[in-house]
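User: Hi! Could you walk me through this one with a few questions and answers?

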Amino acid sequence: MKTKIPYFVTALFGLMMLSALREPKPAGPMNDVGFGRIPVLREGRLQPLDSVAMNALIQIRGTRKVPLDGQDAKGSWGDLNQLAQNGGVQLTERKWYQFSKRPRKLNASQWLMEVMMHPEIADQRYIFAINHPELLDELGLMEAGLERSGLRYFTFLEMRPHYPAIMGHARSAFDREEALRSPFEKAVLKTYQALNIYLELKNTMAPEDAHDMVAELDTYLASIGPGIEAWRLQNQGQEHDENQLNLFSSYMDRFQLLSGARTLMIPPERQAGASDDWSTIGTNLITAIQTRTIKPAIQSFASMQSAFHHGRADQFNQSLDQYLNSLQAGYQTEVKRTGIEYRYNRYSPFYRSSVLYLFAFLLACMSWFRDSDGMRRTAVMLIALAALIHTVGLITRMLIEGRPPVTNLYSSAVFVGWGAVLLGLVIERVYKDGIGSAIASLVGLLSLIIAHNLSLTGDTMGVLRAVLDTNFWLATHVVIITLGYASTFVSGFLGIIYVMRGFLPGSLPESTAKSLAKMVYGVVCFSTLFSFVGTVLGGIWADQSWGRFWGWDPKENGALLIVIWNALILHARWGGMIRERGLMNLAIFGNIVTAFSWFGVNMLGVGLHSYGFMSAAFKWLMIFNFTQIKLIAIGMIASHHWQANRWAVWTVCLLNAMQGLWILTQAQWEVAQWATLALMLALEATLFFYLVGRKLSPSKMRQVTA
Amino acid sequence: MKQLWHLITSLKLTVVCLSFSMLIVFVGTLAQVEQGLYLVQDRYFKSLFVFWGPEGSDWQIPIMPGGYLVGILLMINLIAAFMAKFKWTRKKIGICISHLGIILLLLGQLATDLLSRESAMEIKEGATSSHSSDFRINELVIIDQGNPAKDKVYALAESLVQSKQGAIINNPSLPFQLKIEAFWPNVSLTGTLEDSQGQLKADHADYQRVEATTGFSNVYLKPMPPQTSMDSRDTRAAIIEVMDGGTSVGKWFVATILDPQTWTYQGREYSIGMRAKRYYEDFSMTLLKATHENYTGTNEPRNFASRVQLRNRQTGEDREVLIYMNHPLRYQGLTFYQYQMTAGEMVQRQGLDPSSTFQVVKNPTWVSPYLACVMVGLGLTIQFMIHLVGFLRKRRPNTTALEPSSAST
């Protein structure tokens with residue numbers, strides 16, 4: 001019976017994952033699913049409106065949904081806008097402990113429907129995230145908006161009065177070189193950009209003050225003839241109908257604004273195939289001067305707008321269906337592809353697999369201490385399930401983009417995770433001791449978290465600049481070097497497991513230590529091969545496109561560092577300069593080397609250039625390096641010292657917990673903060689030196705190793 | 001002696017060299033932020049030692065080995081180990097192949113450093129060119145325009161101009177001599193020190209007037225430190241006095257951003273100027289069309305492509321070639337890459353002539369990394385496969401033996 005538990009648990013999770021694959025249903029009376037699937041061209045890429053909505057929302061708000069409910073200072077719960085109308089202050093979203101509250105939320109497509117077709121409502125949604133205290137202070141928004149765990153969100157109505165001020169600041173920030181901009185200026189630019197995205201989206205489908213687009217188009221069409229006639233007469237200096245001319249030119253102004261939209265919603269007339277020649281609604285309306293007709297696509301959108309604006313769900317859904325059906329004629333492949341992307345957005349495969357990785361990692365770690373094969377096998381199966389979803393996600397992205405898996409930093413993080421998971425599973429299959437699965441789930445989880453944070457900058461499937469537009473090199477150089485990163489991280493995390501298990505009492509039996517050493521050695525061999533071939537292929541690509549094989553460019557140097565480091569580990573091992581523990585410590589240092597070449601070199605223009613400033617990512621990179629160096633320091637002391645001096649283990653744990661808290665809680669780093677940290681580090685170092693200097697008596701030694 | 005040989009062939013030396021190479025690459029990467037790529041390449045990677053001295057002082061001391069030193073040591077170590085230790089047995093064949101690949105790669109890169117040449121060829125749409133200009137090296141040129149069919153160009157390398165300051169240079173084919181009065185590796189130039197209101201410009205106080213008697217004489221210059229940015233080049237400048245025997249014909253101020261200046265001497269027209277070193281080829285290229293495409297609705301470039309007509313009078317070739325991103329043209333030992341482009345809608349709207357610039361690379365050893373990659377990749381794969389198979393074979397009986405015990409826990 002006991003052996004069946006792993007299958008049972010996995011089947012349960014599998015069913016959960018499968019059930020989420022059902023065809024999504026509209027969230028309200030207005031069919032947001034259909035709307036989200038409409039194919040459009042934005043930023044050079046054919047995508048569903050849902051992706052436009054999601055990427056815009058992520059850039060403006062940093063989240064994928066917009067909450068509708070919350071509470072005020074008095075604790076009354078309800079619709080945020082009603083609370084605000086009733087004079088509620090200090091609005092907050094659901095607190096993390098309020099499990100009973102289930103706030104209603106708009107998904108990205110629903111939000112975009114409001115923005116495009118009923119902006120008066122969208123203007124009252126809390127979407128503009130501003131977190132820089134100085135900027136909040138300057139704009140006088142300290143008390144306004146909606147709060148959630150220290151982050152503040154504001155409505156467009158709250159932001160509108162400040163638009164000129166923000167624009168002024170943004171102009172001066174824009175003149176400054178990117179690397180030299182202060183955090184304040186960056187915050188200003190981000191806010192300015194968010195406001196512009198919002199304004200642009202509001203004026204994409206219809207002018208933002210339009211109430212009934214169908215009626216407007218009728219009067220526009222009727223005004224063209226008389227308007228042109230009046231204009232002609234005016235030009236000839238003859239008497240003309242001033243009203244007709246004004247009406248006509250007011251339409252011209254309105255539609256001119258629409259034609260600046262970056263979302264090209266109207267497909268070209270000819271049959272499907274090329275994604276060129278898509279155009280904005282505004283441009284099409286202006287060309288209607290010549291044709292005197294309005295394209296059916298625009299009529300459909302106008303009908304959707306009118307219906308949505310007046311809350312007529314039936315009419316809206318009908319016009320939407322009509323439009324989607326009309327696309328079936330010439331745009332079947334496009335509709336199919338954007339449909340896949342819509343499903344991909346809604347399913348969020350990487351989020352789902354990271355949840356599974358988290359469970360699996362906890363199970364794998366527990367299996368070491370409980371020595372439970374059931375737990376270990378459950379962990380393995382869950383990882384396999386997560387890896388399956390991870391793989392499906394990767395393949396879907398490849399299908400949508402028509403590209404190899406890695407095209408930018410975001411997808412490299414997803415792929416590093418994927419490679420590490422597979423490698424970990426192979427190790428688990430060979431050794432069956434819960435170590436491979438712990439590595440697989442941990443590196444998988446961490447890299448997906450990194451990927452999530454990288455995705456906050458916008459579209460993760462954006463088009464590629466000319467020089468990168470080559471599937472051959474993306475498929476060879478980029479994929480191989482990313483696998484090199486993944487395997488170097490795997491060997492580094494294996495080293496961490498070795499060090500931590502040697503540090504914690506009684507958790508590193510000699511057999512485990514031996515097999516860990518073999519794993520690390522094998523994985524380092526693998527990384528040497530992949531990072532070398534990947535780096536040289538990169539050189540060959542550079543030779544093909546820039547005319548030099550090697551140019552000592554930072555990214556090239558970063559890759560070279562990984563190659564040299566792996567080669568160094570192997571040669572040091574062959575030469576007997578390091579043994580088991582040395583191998584582990586060098587492997588952990590490989591994490592620092594890889595993190596530098598993956599992210600550090602990208603920050604060279606940012607992090608090291610300007611004083612007193614650290615970008616968020618640079619801070620995390622430094623914290624990561626700091627933890628790796630501490631692990632190496634722990635690894636420098638032989639396991640039997642830790643085993644013989646349990647008090648030292650507890651002291652180190654305590655000191656590190658204090659340091660961690662200190663680093664994470666201190667916002668401003670002045671002399672006092674650094675001095676306190678240095679003091680704690682000095683204490684720890686003293687302890688380390690004491691331990692190294694201590695000799696164990698032979699009897700104690702025997703006791704410990706037994 | 002035996003000890004030295006032991007050291008040279010030892011893995012310890014390998015590890016030490018690898019550690020130093022990591023240090024050099026790391027420090028050299030960080031240094032690029034302040035010093036720019038070219039300077040760092042010369043100081044850290046293409047040098048025997050990295051020198052350091054306090055800012056503003058004359059003396060410098062070596063603080064760490066440079067790329068060449070470590071590279072040479074690694075080569076010696078590797079070749080010596082090959083001679084002493086490597087065995088061409090079936091078990092070690094992968095190691096041997098991959099290390100041979102490394103030797104090839106390192107030697108190939110050294111050869112590239114020594115033998116390769118990079119220059120740029122800019123052509124306007126419809127125009128023809130048969131020369132390219134060096135990216136960094138300049139030269140002083142005297143152009144004899146006496147023969148209307150073909151100019152005769154006398155060039156003097158800038159290194160000579162720099163080292164021969166104050167000296168008189170005599171070329172028997174020229175009817176005059178050149179005296180190099182002054183040379184500056186990089187300057188900032190201005191035509192006037194006053195702004196429109198007649199006030200002395202604040203930041204122009206340290207400019208000095210150029211002492212030239214002919215041609216550009218109303219020029220002020222300020223010596224500048226070398227450029228660190230990748231895309232800007234130094235402005236070299238010099239004052240050249242043209243002498244006829246002992247008497248001065250005139251003093252010319254030349255600089256790389258100024259056009260050559262022409263004068264008549266003994267009935268013939270001559271020009272003098274400073275410009276990027278030119279390389280002339282036996283063939284010519286005519287730019288038929290430069291295309292700069294963006295993704296629809298964005299400013300993101302999708303492709304740069306140049307259609308050129310390649311003509312070679314010696315071989316009689318006359319064909320059309322398309323050069324675009326990731327697709328260079330390889331011809332007569334040269335490779336032409338799409339490098340820069342002034343074309344597309346924006347350019348048309350501004351009324352500029354479309355033009356295209358190719359990077360022209362001459363690198364006789366360009367094949368070496370391709371071969372090296374295959375050798376190292378193959379060697380490592382073979383070696384690790386041998387390891388893996390051996391490891392799995394050893395393991396198999398173990399796992400079956402362990403199975404019952406793990407099931408019982």
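User: Happy to start with overall form. What radius of gyration does chain B have, beside that of a compact globule of 409 residues?

Analyst: Good place to begin, and please keep in mind that this is a predicted model. A compact globule of 409 residues would come out near 22 Å. The C-alpha trace of chain B spans about 100 × 55 × 50 Å along its principal axes. For chain B the radius of gyration is 29 Å.

User: How far apart do the C-alpha centres of domain 1 and domain 3 of chain B lie?

Analyst: The domain assignment of chain B places domain 1 at 2-85 and domain 3 at 134-279. Domain 2 is given in two pieces, 117-129 and 280-362. The C-alpha centres of domain 1 of chain B and domain 3 of chain B are separated by 39 Å.

User: And what share of the residues of chain B count as buried?

Analyst: The cut-off used here is 20 or more other C-beta atoms within 10 Å of a residue's own. Chain B is built with eight helices and 19 strands. Of its 409 residues, the share that count as buried is 26%.

User: Let's zoom in on strand 18 of chain B. How many of its residues are buried?

Analyst: Strand 18 of chain B has a pairing with strand 17 (residues 329-331) of chain B, antiparallel over three bridges. Strand 19 of chain B also pairs with strand 18 of chain B in the antiparallel sense, over eight bridges. Strand 18 of chain B is mostly covered, and its buried residues number seven of nine.

User: Which residue in the hairpin of strand 17 and strand 18 of chain B takes a positive phi?

Analyst: In this hairpin, B:Y331 stands opposite B:L334 of strand 18 of chain B. Two residues lie between the strands. The one with a positive phi, near 50°, is B:Q332.

User: Which element gives the largest share of the side of chain B that touches chain A?

Analyst: The contact takes 51 residues from chain B and 51 residues from chain A. On the chain B side, the elements giving two or more residues include strand 18 (334-342), strand 19 (355-362) and helix 8 (368-408) of chain B. By class, that side has 26 nonpolar, 21 polar and four charged residues. The largest share, 15 residues, comes from helix 2 of chain B.

User: Over in chain A, which strands are the edges of the open sheet with the order 2-1-11?

Analyst: The three strands of this sheet pair in the antiparallel sense. Strand 1 (residues 39-42) of chain A joins strand 11 of chain A over two bridges, and A:L41 has A:L264 as its bridge partner in strand 11 of chain A. The edge strands, each pairing on one side only, are strand 2 (45-48) and strand 11 (263-264) of chain A.

User: At what angle does helix 3 of chain A run to strand 2 of chain A?

Analyst: Two helices are worth a look here. Helix 16 (residues 332-347) of chain A lies across strand 1 and strand 2 of chain A, at about 60° to strand 2 of chain A. Helix 3 (residues 49-60) of chain A lies across strand 1, strand 2 and strand 11 of chain A, and its angle to strand 2 of chain A is about 90°.

User: Last one: why does A:A617 count as partly exposed?

Analyst: A:A617 sits in helix 25 (residues 616-636) of chain A, and it touches A:F599 and A:M603, not counting residues up to four places away in sequence. A residue is buried at 20 or more other C-beta atoms within 10 Å and exposed at 12 or fewer, with partly exposed in between. A:A617 has 17 such atoms, so it is partly exposed.

Key. Residues numbered from 1 in each chain as written. Chains lettered and ligands numbered in written order. Predicted model: local features only at pLDDT ≥ 70, side-chain atom pairs only at ≥ 80, totals over all residues. Contact = placed C-beta atoms within 7 Å. Helix = DSSP H or I, 4+ residues; strand = E, 2+ residues; numbered from the N terminus. Nonpolar A, V, L, I, M, F, W, Y, C, P; charged D, E, K, R; others polar. Domains from an automatic or database assignment. Rg over C-alpha atoms; globule rule 2.2 N^0.38 Å. Pairing = 2+ DSSP bridges. Axes fitted to C-alpha atoms, helices over the stretch in contact; angles between N-to-C directions.
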